[in-house]
Amino acid sequence: MTAVVVSANADAIDRAAAALLHGELVVMPTETVYGLAGDATNPRAVARIYAAKGRPQFNPLISHVCGLDDALKHAVLSPVAMRLAEAFWPGALTLVAQRRTESPIAELACAGLSSVALRAPAHPVAQALLAAVGRPLAAPSANRSGRLSPTHARHAAEDLGDDVALVLDAGPCAMGVESSVVAVDEAGRPVLLRPGAISREALEAVVGPLADPRGVDAPASPGMLTSHYAPRASVRLNAVDVRPGEAYLAFGPTPFAHALNLSPSRDLTEAAANLFAHLRALDATGAACIAVAPIPETGLGEAINDRLSRAAAAR
Ligand code: TXA
Ligand code: MG
């Protein structure tokens with residue numbers, strides 16, 4: 001790892017902005033996970049993101065913007081999308097919308113689709129960086145493709161340190177799972193493409209029932225590959241015992257020694273924040289398998305179970 005990990009103060013943010021304007025990449029904190037950021041309007045910078053991640057080029061990136069005014073330069077937001085943006089931006093929501101032809105966002109960032117994914121992150125460092133650069137920033141999670149997402153600066157540095165100018169360290173991410181990705185289908189209905197840090201319940205309180213991307217005539221979500229977020233160890237779900245050679249990831253009170261606990265008090269928000277770091281730590285023990293306790297499917301449990309089932313999927 002050669003990149004400089006620096007505390008995300010004003011000076012570091014200026015240096016990061018200068019590097020981004022030169023087409024280099026920077027690891028930036030957001031409230032969900034750390035992102036691998038590049039100038040979304042610079043096709044070479046965007047190509048570097050794909051290369052650094054080892055990411056299939058058909059999987060489009062999220063472009064980060066300061067807020068709604070900025071977003072409207074790049075996309076046409078339907079009435080439903082506008083309601084979601086007003087309710088949750090800045091925050092952990094990504095909207096997939098019709099891209100404007102005059103948007104300077106590189107085609108490659110959208111993987112050639114006619115839609116664009118936009119997010120206005122709430123993290124003050126991300127906001128300061130966006131303001132200093134004055135351009136949208138393409139930023140997938142700052143991990144090698146298919147691996148665990150980074151919730152600490154050092155995780156991102158371990159995976160991608162050789163490929164970035166700077167890693168801005170702002171401590172652990174508050175939410176710990178990626179943003180919720182919502183598109184609007186031809187009929188104007190919201191579709192949950194990826195469950196994430198804003199629960200289904202919270203989204204539905206604003207726009208009513210979310211359609212499921214499977215089955216309906218919904219926009220494709222190229223990023224929802226089954227095997228994803230994979231530790232080196234195999235993963236066994238809904239485990240209520242620990243077998244030889246297994247490390248245990250608990251949720252709630254547990255009788256098992258040497259377990260890591262997502263949340264001793266069964267708090268799903270705390271569990272989401274701990275998820276990726278705990279999986280990384282158990283993976284580092286060298287265990288052949290990580291056995292994971294059952295997690296309820298309510299609230300943030302939907303996003304947690306989504307990530308866990310991908311980690312457990314056949315590779
Ligand atoms: O929390 C997050 O969302 C983090 C932080 C850094 O912002 N970013 C993140 O980006 O998770 P990434 O690239 O790992 O995930 C983007 C997701 C993928 O599932 C991708 O397929 C989907 O958004 N996506 C992006 N553009 C899309 C589009 N035009 N249509 C459908 N899905 C799209
Ligand atoms: Mg990712």
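This is a short tour of one protein chain, to follow with the structure open in your viewer. Keep in mind as you go that the model is predicted.

**The whole chain**

Begin with everything in view, drawn as a cartoon. You can trace nine helices and 15 strands in the protein chain. Its radius of gyration is 19 Å, close to the 20 Å that the globule rule gives for 315 residues, so the chain is as compact as a globular protein of that length. If you turn the model along its principal axes, the C-alpha atoms fill a box of roughly 60 × 50 × 30 Å.

Now switch on the surface. The accessible surface comes to about 12700 Å², and 54% of that belongs to carbon and sulfur atoms. Of the 315 residues, 55% count as buried. Contacts across the sequence are worth a thought too: among those with a separation of 6 or more, 69% are between residues 24 or more positions apart. If you colour by charge, you will find 26 positive and 30 negative charges, whose mean positions are 4 Å apart.

**Stop one: threonine 94**

Select threonine 94, which is found in strand E6. Is threonine 94 buried or exposed? Its relative accessible area is 0%, under the 20% cut-off, so threonine 94 is buried. Show its side chain together with that of serine 179, and you will see a polar contact of 2.8 Å joining the two. Beyond its neighbours within four places in sequence, threonine 94 also touches other residues, including Ile62, Ala117, Leu118 and Val181. For a longer reach along the chain, pick leucine 193: it is 99 residues from threonine 94, yet their C-alpha atoms are separated by 9.8 Å.

**Stop two: histidine 64**

Next, go to strand E4, residues 62–64, where histidine 64 has its place. Histidine 64 counts as buried, at 3% relative accessibility. What does the side chain of histidine 64 reach at 3.4 Å? Look for the backbone oxygen of isoleucine 62. Setting aside residues up to four places away in sequence, histidine 64 touches several others, among them Met28, Arg119, Leu130 and Pro136.

**Stop three: isoleucine 290**

Move on to strand E15, residues 289–292, and select isoleucine 290. With a relative accessible area of 0%, isoleucine 290 is buried. Its contacts more than four places away in sequence include Pro231, Val235, Ala247, Leu249 and Asp283. Leucine 279 is another of these contacts; the C-alpha atoms of isoleucine 290 and leucine 279 are separated by 7.9 Å, with their positions eleven residues apart along the chain counted as the distance apart.

**Stop four: backbone surprises in the loops**

Most residues other than glycine have a negative phi, and most peptide bonds are trans. The next three places depart from that pattern.

- Zoom in on the step from tryptophan 89 to proline 90, where the peptide bond is cis, with omega near -5°. Proline 90 sits in the loop between helix H4 (79–88) and strand E6 (93–99).
- Select alanine 111, in the loop between E6 and strand E7 (115–119). Alanine 111 has a positive phi of about 50° although it is not a glycine, and at 24% relative accessibility it counts as partly exposed.
- Finish at asparagine 238, in the loop between strand E12 (234–236) and strand E13 (246–250). Asparagine 238 has a positive phi of about 50° as well, and at 54% relative accessibility it counts as exposed.

Note on methods:
Residues are numbered from 1 along each chain as its sequence is written. Chains are lettered from A and ligands numbered from 1 in the order in which they are written. This is a predicted model: local features need pLDDT of at least 70, side-chain atom pairs count only at pLDDT 80 or more; totals for chains, interfaces and linings use all residues. Side-chain values use heavy atoms; hydrogens and water are left out. Helices (H or I, at least four residues) and strands (E, at least two) are DSSP runs, numbered from the N terminus. The radius of gyration is taken over C-alpha atoms; the globule rule is 2.2 Å times the number of residues to the power 0.38. Buried means under 20% relative accessible area, exposed over 50%, partly exposed in between (1.4 Å probe, protein chains only). Contact means heavy atoms within 4.5 Å. Accessible areas come from the Shrake-Rupley method with a 1.4 Å probe; for residues, only the protein chains shown count as cover. Lys and Arg count as positive and Asp and Glu as negative; His and the chain ends are not counted. The place of a charge is taken as NZ of Lys, CZ of Arg, CG of Asp or CD of Glu. A polar contact is a pair of N or O atoms within 3.5 Å; within protein, one must be able to donate a hydrogen and the other to accept it, and residues adjacent in sequence count only if both atoms are side-chain atoms.
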